[in-house]
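Me: I am new to this structure and should like to go through it by question and answer. Please reason briefly each time and finish on what was asked.

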Amino acid sequence: MKKIAIFAKVHDPRCQGVAEELVHWLEARGLVPLVESHLARHLRHDAGIPSEDIPANADMVVVLGGDGTLISAARLIGEREIPILGVNLGSLGFLTEITLDELYPVLDSCLAGNYQVSERMMLKATVLRDGVEVMNHRVLNDVVINKGALARIVDLETMVNDYYLTTFKADGLIICSPTGSTGYSLAAAGPIIHPALECLVVTPICPHTLTNRPIVVNADAAITVTLKSAHEDVFLTLDGQVGMELKGGDVITVRRAAHRTRLIMSRSKDYFEVLRTKLKWGER
C-alpha cells in the first residue's frame, strides 16, 4: 500500500486536525496521501484530489468521522473494493469502530499487510419510470421509500423475484442489507442481522395492517416495489444521503450488488461488543 486516500467529516475541526496529522505521518514514511478535495480546501492544501478520481488511484482509504462519512465513501469506491479503515471521532459507530488511539498502530499493521477485513454485501437500486431507467445507485445500508409529512399512506406493491409478496399500505418501506439492519430498519422494528450473513431485509414503516411484519429473504432475490399511489411527496432515499422524488407507477428494484465493501476491523473489539455498547444492552 503506497497511496492512502483520506476522507473526513470536513466541517468537524477535530477531524480536520487529525487529517492534518495523518498527512504528515504518511509523508514521513514515504507514502502518498490522497486528500479528498473538499477536505483539502479546509486544510488549505493545494494537492487535493476530486473524490471521483480516488477509486482509480488509492490502495487504501482512511475515513475520519462517523458511520455517515464512511457510508458515503463506500458508495464512491464501489467496484474497486479498496479496504476502508473507519476511525470514529464521535460516539461509537457500528462501522467506524477504530478509535483514535488505535489509528496509527492499526495503520502500521495494515501497511505491513497484517489486517483483518469484514466484507459487507452491498445493494444495487434502480428506478424505472415509464419503462426508462432514471436512477441507478450502489448502496451499503438501505433503500427507503417514504412519504412526506403531509402525504397519505402509500400503496407499495412488492414482489420477491416473480412472486407477489403483498401490497403494503404504510408510511413507507425499507429494504436493507445486513449492515443496514442496525439503522432505520431497526428503528422500524426490523431484525438485527449479523453482517457476515447474506440476505435482504424488507421492513414496512408504520404499516396500516398490523399483521405486516419484516421479512428476510435470500441475498439472490430481486425485490421489486411498484408505487401504486399517485400522491405527491413520496421519496426514495439511499443510505439516508441521496435520493429522488417518486411518481405514481415508478418501479424500484433492489438486489445484491456485484461488489462488496471491505472494512478493516479492530482487533480489540468484536461485533457483539460493538452491538452491546451501541445499543446499551445490559444497562438499566
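Me: Is Arg152 buried or exposed?
Reply: In this predicted model, Arg152 lies in the loop between β7 (142-147) and β8 (154-160). Its relative accessible area is 58%. A residue over 50% counts as exposed, so Arg152 is exposed.

Me: Which positions share the UniProt feature "binding site" with Arg152?
Reply: The annotation comes from an unreviewed UniProt entry. Besides Arg152, that record places the feature at Asp67, Gly68, Asn141, Asp142, Lys169, Asp171 and Gln241.

Me: Why do these positions not all gather at one spot?
Reply: In sequence, the annotated positions span 175 residues. They do not all gather at one spot, because the farthest two C-alpha atoms are apart by 31.7 Å.

Me: Which residues from this set belong to the lining of the largest pocket?
Reply: The set is the group of positions that UniProt marks as "binding site". From it, the lining of the largest pocket takes in Gly68 and Gln241.

Me: What is the relative accessible area of Gly68?
Reply: Gly68 lies in helix α3, which covers residues 67-77. The residue is partly exposed, a class between the buried limit of 20% and the exposed limit of 50%. For Gly68 the relative accessible area is 36%.

Me: Where is Thr261 found, and which residues does it touch?
Reply: Thr261 is found in strand β16 (residues 251-264). Thr261 is buried, with a relative accessible area of 3%. Not counting residues up to four places away in sequence, Thr261 touches Ala74, Ile84, Ser118, Glu119, Arg120, Met122 and Leu140.

Conventions. Residues are numbered from 1 along each chain as its sequence is written. This is a predicted model: local features need pLDDT of at least 70, side-chain atom pairs count only at pLDDT 80 or more; totals for chains, interfaces and linings use all residues. Side-chain values use heavy atoms; hydrogens and water are left out. Helices (H or I, at least four residues) and strands (E, at least two) are DSSP runs, numbered from the N terminus. Buried means under 20% relative accessible area, exposed over 50%, partly exposed in between (1.4 Å probe, protein chains only). Contact means heavy atoms within 4.5 Å. UniProt positions are given in the numbering used here, feature names are shortened, and annotations may be inferred rather than shown by experiment. On a 1 Å grid over the protein atoms alone, a cavity is a set of points where a 1.4 Å probe fits but cannot get out, and a pocket is an open set with protein on both sides within 12 Å along at least five of seven lines; lining residues have an atom within 4 Å of a point.
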